[in-house]
Amino acid sequence: VISKSGYIFEYTREGRLLFYFSGKDDGSKRIGLFVNAVAIDVDSRGSLYVLDQNRGDITVFETTEYANTVHKALNLYQDGLYLESQKPWEEVLSKNSLFDFAYKGIAESLYKLEDYSGAMEAARNGGAKSTYSDSFWQVRNQWLRANMITLFWIIVVFLLLKKIWKKYGDRIFGIRQLKSFFKTFGSRKRVKEFRYLKYVLKNPADAFYGIKHEKKASIATATLIYFSVFLIFVVNKYYCGFLFKQVADGVYELGQDFVMVLGALFLFVVCNNMVCAIRNGEATFQQSYCCLAYCFMPYIFLKPAAFFLSHVLTNNEAFVISMLNFIMAAGTAVLVIVMIREIQCYTYKETLISIALTAFTMLVVVVAGIIVFALVKQVSDFLVAIYKE
């Protein structure tokens, strides 16, 4: 097809973009660019004919050797002849190592040849998650069959050591010293405040009461928890299993992540504290700041498990990670509601209203920030223009 702006697009049978080229003639009268392209056709050899209405001429495009190789490989691939398409795909990659269709075709071919590790690598390079999942399933099955007995004995030894630790730990010299070390380490202030996360799971209302009235948490520990949440988010986003990764390999957006996670959390604390202060809330900013950190207990405990599972599960078991993500989101939301109700001495109705007002306030702040940023940028561009003049 050809667009009004003069760009030519070639698609596969499935409607995926394969090539695009040409463009709008800006007055340079270059061959291959168009003023007003109105029709396109193709002959049996693959040559393209494009009619430019304003210039009254027809431009002919002939396929290159590279395009012929791509078409040959793609036809074999789309006809299901994956083994036959491997060699043409390799020729394509020798000329363009970033062509994802070639990697997908090679991945299918290697899968048919039962080279599952090679298929996984090619599928990852081509972004073919379905083929990667099928190949990984086979690799995992082979590994389990080869290591099943070893895994069994590891579990037996682990359970045996756990029983020895529990029953005879106080009698064995090395274990006794180790248990003493853990006990001393666990009695430190920061460690006790981190361990308080477990108590949030047992009794959320009482836990938040303890933070507010008994100083069970400090600003320093809450800040470390926030940074732990950010670190877990970043590691999971960029290093989770390929099948569950939402960004391309090699792409990093740490600045955006910092603003989205820590900036949003801090903005929530500020806006919620402002709203609750107006609505006769009883918590201070410090109490809100500390308590909100402990609301992320489900995320801190479950996200590492989801991260590990993302490296061992396939698409067939993706529901496990989806379930964990739902539990994390729902658990955090429930804890936020309980936290605001407890420390602000609200009813549930007042709590939900304050959360809605907080979300609206955050939206207003973000919109105002965007407007201010745009105005500052315009002023700076104006000053730079004056300086250049």
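**Pockets, a cavity and pairing in a predicted model**

User: By class, how many residues of each kind are in the lining of the largest pocket?
Analyst: The model under discussion is predicted. Its largest pocket holds about 420 Å³ of space, and among the 19 residues that line it the closest to the centre are Glu10, Phe21, Gly46, Leu48 and Thr63. Sorted by class, the lining of this pocket comes to twelve nonpolar, four polar and three charged residues.

User: From which element does the largest share of the lining of the largest pocket come?
Analyst: At least two lining residues are supplied by each of strand 1, strand 2, strand 4 (37-42) and helix 1 (65-78). The largest share amounts to four residues, and the element that provides it is strand 1.

User: Which residue of strand 2 is the bridge partner of Tyr7?
Analyst: Strand 1 covers residues 7-11 and strand 2 covers residues 17-24; the two run antiparallel and are joined by five bridges. They form a hairpin with five residues between them, and Gly15 in the turn has a positive phi of about 90°. Within this pairing, Tyr7 is matched in strand 2 by Ser22.

User: In which sense, parallel or antiparallel, do strand 2 and strand 3 pair?
Analyst: One bridge links Gly23 to its partner Leu33 in strand 3. The pairing of strand 2 with strand 3 (residues 33-34) extends over two bridges, and its sense is parallel.

User: How much space lies in the second largest pocket?
Analyst: This pocket is lined by 14 residues, of which Asn236, Cys240, Phe244, Gln246 and Lys303 lie nearest its centre. Helix 9 (219-239), helix 12 and helix 13 each contribute at least two residues to that lining, which divides into six nonpolar, five polar and three charged residues. The space in the second largest pocket is about 260 Å³.

User: Why does Thr314 count as buried?
Analyst: Thr314 is placed in the loop between helix 12 (297-309) and helix 13 (318-344). Apart from neighbours within four places in sequence, its contacts are Ser133, Phe136, Trp137, Arg140, Leu243 and Phe244. Buried requires under 20% relative accessible area. Thr314 counts as buried because its relative accessibility is 0%.

User: Which element gives the most to the lining of the largest cavity?
Analyst: The structure holds one cavity of 30 Å³ or more, and the lining of the largest cavity consists of Phe268, Val269, Asn272, Ser288, Leu292 and Met339. Two or more of these residues come from helix 10 (254-278), and likewise from helix 11 (285-294). With three residues, the element that gives the most is helix 10.

User: How many residues in the lining of the largest cavity are charged?
Analyst: The largest cavity has a volume of about 30 Å³. Its lining residues divide into four nonpolar and two polar, while the number of charged residues is none.

User: Against which helices do the buried residues of helix 8 pack?
Analyst: Helix 8 spans residues 204-213, and its buried residues are Ala207, Phe208, Gly210, Ile211 and Lys212. The packing partners of these buried residues are helix 7 (189-202), helix 11 and helix 13.

User: Which residue takes a positive phi just after helix 8?
Analyst: Helix 8 comprises residues 204-213. Just after this helix, a positive phi of about 55° is taken by Lys215.

Technical notes:
Residues numbered from 1 in each chain as written. Predicted model: local features only at pLDDT ≥ 70, side-chain atom pairs only at ≥ 80, totals over all residues. Heavy atoms only, no water. 1 Å grid on protein atoms, 1.4 Å probe; cavity = no way out; pocket = protein on both sides within 12 Å on 5 of 7 lines; lining within 4 Å. Points joined across faces, edges and corners; volume = space filled by probe spheres on them. Nonpolar A, V, L, I, M, F, W, Y, C, P; charged D, E, K, R; others polar. Buried < 20%, exposed > 50% of the residue type's maximum accessible area, 1.4 Å probe, protein only. Contact = heavy atoms within 4.5 Å. Pairing = 2+ DSSP bridges.
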